[in-house]
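This report describes a structure for a reader who has not seen it before. The sequence and the coordinates come first, and the description follows.

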Amino acid sequence: MAEITAPEDRRRLVTLLSPAYLWLTLAVFLPLSAMLFFSFLTDLPQDAPDWGFTLENYLSFGESEVYATLLWKSLKLGVTVTFFCILIGYPCALVLARTIKGRARETLFLLVILPFWSNSLVRIFSWAIVLRGNGVLERGLEAVLPWDIRLNLMFTTHAVVIGLVHSYLPYVILTSYLALQAIDDDIVDAARSMGASTLTILRRLLLPLSLPGLLAGAVLVFVPVVGSFMEPRILGGRHGTYYGTVIEDQFVAVYNWPLGAALSFVLLAVVLLILGLSTPILRRART
Amino acid sequence: MRRPLLPLLGRAWLALILVFLYAPILVMAAMSFNASPFYQLPFEFSTRWYADMAMNPQIIEASLRSVGIALATMVIATALGTAASIALFRYDFPGKRVLQVLLFPPIAIPWLITGTAMLIFFFAIGIGRGTPAVLIGHVALALPYVIVTVSARLSSFDVTLEEAARALGADAWTVLRRVTLPWIAPGIVAGALFAFAVSFDQFVVSYFLAEPGDSTLPVLIYTAIRKGFTPEINAISTIIITVSMGIMFLATRKSSFGGSR
């Protein structure tokens, strides 16, 4: 790495860097700033010449309980999904990182994270087919169990949680696995030779050492779940109204963009707060 | 007696997780070959939904648009991202940390927020909705992935190789072309595959930015699902997930995300 000294280096640096960062500025940073501006408007300037400034979009948050209630509902959904992702995913990462070795481990790890990198909409759609009334799951259970099954899972909160856990589970497994496999085998062997039980090793050694990775995974699940709208729409039906779906409505159905901008910005503030609070954890997880 | 039991339980758990992850996808794929339009069992093999899909001009058009946008995203994001990675790797300058941190908002902020913000902003500056807007958005989302992937590969690059080439009389351009680029090529390929996948699988941002008349494939599928879905959608979805898993398989093989060691 070189310190910038020659003007020629400076020019080269700017040439290499500016296209990417100008693009990001145009497509991400300016829009996010513009959203804050629009959230204080009565109307869109391109629609109404008599637009003005107002606090109403934010005040409506306090006036009607709807938005606050839905934000709370979305946050609770985030907690539930994160909880199940950890409950299911951490043991899985533990098995992958600590008991399986060699090529098998590599292949299994790839199998676990592969769905995560594939199309999330299609995966949610696949759950709609599995869960629908008289669908594959119910018929499958009927074939095995002697009594009639009516799960009625489709269009319930359970369906939304199942779909979201399916979508984000690999995140927790990925970050926990990376933290767990970085733990030196010698430490574990030392603990075992001094008589520590498997449970003690897990509780006093593996869990604390992999906690940053686990928490990083939790944040990476929680944040997008709070902002989800497609999953509740498809799997939740009547019960699928969340904070995200209300924002979606403002932009594609109700066309109240300033209110949508205000709602989006409140969500952004919540997200940034969570990311900000967890930055020390995320930083530790990366090293 | 206790020792072999625990790993056995662990393996069973892992197997269950794999079933949970893959079963719905396999069910969807199976149903795309089922003759009944209402997903009725018993299963009866048929390829009629694939034939229907191939005859559906909307699906074909959206597929071509999606692939086109993904290819364009891949080319632009890979070029800009590789250039930025090289600059971030080679030079030390004030504000470098900030530039690196700025890569995370596009990844970490929910796409719902980014997408709606883009929609508002693009309308305000006159770009509006449509394929150009979608492309601008996709490239921005793909750029951080390319930069992170290429940078990861660069971090294993030995700078003395460049210095050696310089000492032997190569100019800056030759060093880049003959020394640096060949070394980071696997990283660039992985980054390009990531960029393609980010765009090809992107739903949320496309949903807000695509013109209702000319949507991308995921947007078309979402609209179709909400109207009441048909096995035709299963067929195209099965193709999409096969393509996107295939690409990601290649990308993880090329990059260090495969969890080697």
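A salt bridge is a side-chain nitrogen of Lys or Arg within 4 Å of a carboxyl oxygen of Asp or Glu. In this predicted model, the side chains of A:Glu248 and B:Arg226 form such a pair, with an N to O distance of 3.6 Å. The rule finds one salt bridge across the interface of chain B and chain A.

**The interface**

Twelve residue pairs in polar contact, both residues at pLDDT 80 or more, are found across the interface of chain B and chain A. On the side of chain B that touches chain A, helix H1 (residues 2–31) of chain B gives the most, with 16 residues. That side of chain B is made up of 71 nonpolar, eleven polar and twelve charged residues. In total, 94 residues from chain B and 90 residues from chain A take part in the contact.

The size of an interface is often given as the accessible area lost when the parts come together. Between chain B and chain A the buried area is about 8,400 Å², and carbon and sulfur atoms give 77% of this area.

**Chain B**

Chain B contains twelve helices and one strand. Along the sequence the elements run α-α-α-β-α-α-α-α-α-α-α-α-α. A box of roughly 75 × 70 × 30 Å, taken along the principal axes, is filled by the C-alpha atoms of chain B. Chain B has 261 residues, of which 54% count as buried. Of the contacts in chain B between residues at least 6 apart in sequence, 72% join residues at least 24 apart.

One helix pair in chain B is helix H3 (residues 57–90) and helix H11 (residues 217–227), which pack at an angle of about 145° with their axes 8 Å apart. From H3(B), the contact uses B:Gln58, B:Ile59, B:Ala62, B:Ser63 and B:Ser66, and from H11(B) it uses B:Leu217, B:Pro218 and B:Leu220. Five of the residues in the contact of H3(B) with H11(B) are nonpolar, three are polar and none is charged.

Is B:Ala251 buried or exposed? B:Ala251 is part of helix H12 (residues 231–254) of chain B. Its relative accessibility is 0%, so B:Ala251 counts as buried. Apart from neighbours within four places in sequence, B:Ala251 is in contact with B:Ala190, B:Leu193 and B:Phe194. B:Ala251 is also 8.4 Å from B:Ala192, C-alpha to C-alpha, while the two are 59 residues apart in sequence.

**Local features of chain A**

Most residues other than glycine have a negative phi, and most peptide bonds are trans. The table lists residues with a positive phi.

| Residue | Phi | Place |
|---|---|---|
| A:Phe155 | about 60° | loop between helix H6 (136–144) and helix H7 (157–181) of chain A |
| A:Tyr255 | near 60° | loop between helix H11 (243–252) and helix H12 (257–286) of chain A |
| A:Gly195 | about 100° | just after H8(A) |

A:Phe155 and A:Tyr255 have these values although neither is a glycine. With a relative accessible area of 44%, A:Phe155 is partly exposed.

Helix H8 (residues 185–193) of chain A is capped at its N-terminal end by A:Asp184. A side-chain oxygen of A:Asp184 lies 3.1 Å from the backbone nitrogen of A:Asp186.

Key:
Residues numbered from 1 in each chain as written. Chains lettered and ligands numbered in written order. Heavy atoms only, no water. Contact = heavy atoms within 4.5 Å. Buried area = accessible area lost by both parts, 1.4 Å probe. Polar contact = N/O pair within 3.5 Å; in protein donor to acceptor, adjacent residues only side chain to side chain. Helix = DSSP H or I, 4+ residues; strand = E, 2+ residues; numbered from the N terminus. Nonpolar A, V, L, I, M, F, W, Y, C, P; charged D, E, K, R; others polar. Buried < 20%, exposed > 50% of the residue type's maximum accessible area, 1.4 Å probe, protein only. Axes fitted to C-alpha atoms, helices over the stretch in contact; angles between N-to-C directions.
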